Amino acid sequence: MSEKHGYWLHHRQKDENMVGGWKYLMVCDCSQCGGTVNMEKGVCPYCGAIMDLEAPEDAAGPVEDEPKEKGEEKAA
């Protein structure tokens with residue numbers, strides 16, 4: 001059984017329509033090894049850490065680029 005414990009750091013995007021100005025995504029990183037998964041899991045598939053800790057309030061996940069709206073692609 002794993003002795004490591006950790007928490008997930010969710011990726012986020014700036015979004016003025018959300019409370020606090022951030023939209024939190026399902027994609028997240030392990031606090032122990034930095035492995036990225038597409039949704040929270042009970043155990044990190046990369047390092048085996050049991051993900052039962054609560055993230056500190058000052059922990060912030062990576063910032064993703066804002067998605068491009070249709071018709072906003074830059075002209076070449």
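This passage describes the sheet, the nonpolar core and the ring contacts of a predicted model.

The strands make a convenient place to start. Three of them form an open sheet in the order β1-β2-β3, and their pairing is antiparallel. β1 (8–14) and β3 (36–37) are the edge strands, each paired on one side only. Between β1 and β2 (residues 22–30), six bridges hold the antiparallel register. Within this pairing, Trp8 lies opposite Cys30 of β2, while Lys14 lies opposite Trp22 of β2. On the other side of the sheet order, β2 and β3 are joined antiparallel by two bridges, and Asp29 has Thr36 in β3 as its bridge partner. These two strands, β2 and β3, make a hairpin with five residues between them, and Gly34 in the turn has a positive phi of about 85°.

Trp22 also attracts attention through its ring. The charged end of Arg12 sits over the Trp22 ring, 4.0 Å from the centre, and the charged end of Lys14 sits over that ring too, 4.6 Å from the centre. Aromatic pairs, by contrast, number zero in a search of the whole structure.

Turning to the interior, the largest nonpolar core consists of eight residues: Trp8, Cys28, Cys30, Val37, Cys44, Cys47, Ala49 and Met51. Such grouping fits a general tendency, as nonpolar side chains in soluble globular proteins tend to be buried together. Trp8 and Cys30, both members of this core, are the residues that stand opposite each other across β1 and β2. Another core member, Cys28, is in contact with residues beyond its neighbours within four places in sequence, including Trp8, Leu9, His10, Thr36 and Val37.

Terms used: Residues numbered from 1 in each chain as written. Predicted model: local features only at pLDDT ≥ 70, side-chain atom pairs only at ≥ 80, totals over all residues. Heavy atoms only, no water. Phe/Tyr/Trp six-rings, centres within 6.5 Å; stacked < 30°, edge-to-face > 60°. Lys NZ or Arg CZ within 6 Å of the ring centre and 35° of its normal. Pairing = 2+ DSSP bridges. Helix = DSSP H or I, 4+ residues; strand = E, 2+ residues; numbered from the N terminus. Core = buried A, V, L, I, M, F, W, Y, C linked by side-chain atoms within 4.5 Å. Buried < 20%, exposed > 50% of the residue type's maximum accessible area, 1.4 Å probe, protein only. Contact = heavy atoms within 4.5 Å.
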